[in-house]
Every structure is written in C-alpha cells, then in structure tokens.
Amino acid sequence: CNIAGGIACALLAGRFELLLGTEIVLALFIPVVLALSESVSIQSMTLTLASLHQQHIDWRVLMTNLRRELMIAILLGLASGAAVGGVSYIWKREAPVALAIAISITLAMITACLLGVLVPTAIRRLRGDPRIAAGPIALATTDIMTLLFYFGLSSWILTS
C-alpha cells in the first residue's frame, strides 16, 4: 500500500507539474499538508480500532465516535489551514496561494478523519483484521485524497 500510494502520489504530482513549476511555494508546503492529514487519519484510526476491539460492533458508539472525531477534524482543519495559509501569506504575500493551502488543509483533514474511521470499520465488517490492514490503506488513501484536494483546489483557485 505504501509503495502503491507513493507512486500514485508521484503520478498525481506529475499531472500538476506545470502548476508546481509556476507556483514553487505549493511544492514547498506539500510535506506540511501531508503530515497534517496523516496525523488526523492516524488519530481517528487509533480511536476507531479501540472501539472495534469489542467482539460485536456497536454502531451507536461508532457513530458517536465519528461525530466527535469529525467535529475535532473540522476545528483542527480550520485552525491548521488558517495557520499554514497565514504563514504562506506572510512569507510569499500571495493571497490566492495562501487561500488554496488553507482550504486544502481543512478539506484534507476532514477527509482524513473520515478515512481513519471508515477504513478500519469496513475492513472489520469484511471480516478482516483492521489492526493489520487499516493503517497502510487509510494512510495511502489519505495521501492521495490530500494531494487531489491540494493540487485540484490550487489549480482551480490560481487559474480562475
């Protein structure tokens, strides 16, 4: 999963090579954007795995955890997006780039939270062991989704 996810991310970045060539600052923030979304995904996945440890899946508990994690991810996404977008703006004075970074981080963190809850739950539902398979699948998917948001939104905002 890590190799496939990494190759998919490289191919995805390659599709936006022209954008990255004109807006170098976007390339500089890729590690921050990925690290933030991966952290949220890991945290959500850890809490979900703990709740799935029971023999029977309690859907009410799972939905309560999902709502709580989603609210935290929204708040963290907004705060982190504003912080990193703010740093980008202070550093490079490019408002559209800062806006693209801020929105991308917010959406990526929300998506990462959902993946951190849904991937282990789906694996458990399919009678697999989510402790083994959930991490690589959730993180690879989170990275791909994060870069899709990052490059897609940046392209849309900067070419509009």
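**Figure 1. Overall fold of the protein chain in the predicted model.** Among contacts in the protein chain between residues at least 6 apart in sequence, 81% link residues at least 24 apart. The secondary structure consists of seven helices and zero strands, and the order along the sequence reads α-α-α-α-α-α-α. Along the principal axes, the C-alpha atoms occupy a box of roughly 55 × 30 × 20 Å. The radius of gyration is 17 Å, which agrees with the value near 15 Å that a compact globule of 160 residues would have. Of the 160 residues in the chain, 43% are buried. The accessible surface amounts to about 8,700 Å², and carbon and sulfur atoms account for 69% of that surface.

**Figure 2. The stacked rings of Phe16 and Phe151.** A search of the whole structure yields three aromatic pairs. A pair of aromatic rings is described by the distance of the centres and the angle of the planes. For Phe16 and Phe151 the centres are 5.2 Å apart and the planes meet at 20 degrees; planes under 30 degrees apart count as stacked, so this pair is stacked. Phe16 belongs to the loop between helix H1 (2-15) and helix H2 (17-22), whereas Phe151 belongs to helix H7 (residues 130-159). The pair therefore ties together parts of the chain that are 135 residues apart in sequence.

**Figure 3. The aromatic cluster of Phe16, Tyr150 and Phe151.** Phe151 has a relative accessible area of 0% and is therefore buried. Tyr150 and Phe151 also form an aromatic pair, with 5.6 Å from centre to centre and 50 degrees between the planes. This second arrangement is classed as tilted. Tyr150 is buried, as is Phe151. Together, Phe16, Tyr150 and Phe151 make up one aromatic cluster.

**Figure 4. Lys92 over the ring of Trp91, and the loop residue Arg93.** Lys92 lies over the face of Trp91, at 4.7 Å from the ring centre. Arg93 is located in the loop between helix H5 (59-92) and helix H6 (95-125). Most residues other than glycine have a negative phi. Arg93 has a phi near 55 degrees, a positive value in a residue other than glycine. The relative accessibility of Arg93 is 56%, so this residue counts as exposed.

**Figure 5. Arg127 in the loop between H6 and H7.** The backbone of Arg127 has a phi near 70 degrees, which is a positive value in a residue other than glycine. Is Arg127 buried or exposed? At 80% relative accessibility, Arg127 counts as exposed, because the exposed class begins over 50%.

**Figure 6. Surroundings of Ser41 in helix H4 (residues 30-52).** Ser41 is buried, as its relative accessible area is 0%. Which residues is Ser41 in contact with, leaving aside its neighbours within four places in sequence? The contacts of Ser41 are Ala112, Gly116, Ala138, Leu139 and Thr142.

**Figure 7. Ile132, an exposed residue of helix H7.** Ile132 is found in helix H7. With a relative accessibility of 62%, Ile132 counts as exposed. Ile132 and Pro120 are separated by twelve residues in sequence, and their C-alpha atoms are 9.4 Å apart in space.

**Figure 8. Cysteines Cys1 and Cys113, each in no disulfide.** A disulfide is a covalent bond between the sulfur atoms of two cysteines. How many disulfides does a search of the whole structure find? The search finds zero disulfides. For Cys1, the nearest cysteine sulfur is that of Cys9, at 12 Å. The sulfur atoms of a disulfide lie within 2.5 Å of each other. Cys1 counts as exposed, at 52% relative accessibility. Cys113 is likewise in no disulfide; the nearest cysteine sulfur, that of Cys9, is 19 Å away. Cys113 is buried, with a relative accessible area of 0%.

Technical notes. Residues are numbered from 1 along each chain as its sequence is written. This is a predicted model: local features need pLDDT of at least 70, side-chain atom pairs count only at pLDDT 80 or more; totals for chains, interfaces and linings use all residues. Side-chain values use heavy atoms; hydrogens and water are left out. Rings of Phe, Tyr and Trp (its six-membered ring) pair if their centres lie within 6.5 Å; planes under 30 degrees apart count as stacked, over 60 as edge-to-face and the rest as tilted. Helices (H or I, at least four residues) and strands (E, at least two) are DSSP runs, numbered from the N terminus. Buried means under 20% relative accessible area, exposed over 50%, partly exposed in between (1.4 Å probe, protein chains only). A charge sits over a ring if NZ of Lys or CZ of Arg is within 6 Å of the ring centre and within 35 degrees of the ring normal. The radius of gyration is taken over C-alpha atoms; the globule rule is 2.2 Å times the number of residues to the power 0.38. Contact means heavy atoms within 4.5 Å. Accessible areas come from the Shrake-Rupley method with a 1.4 Å probe; for residues, only the protein chains shown count as cover.
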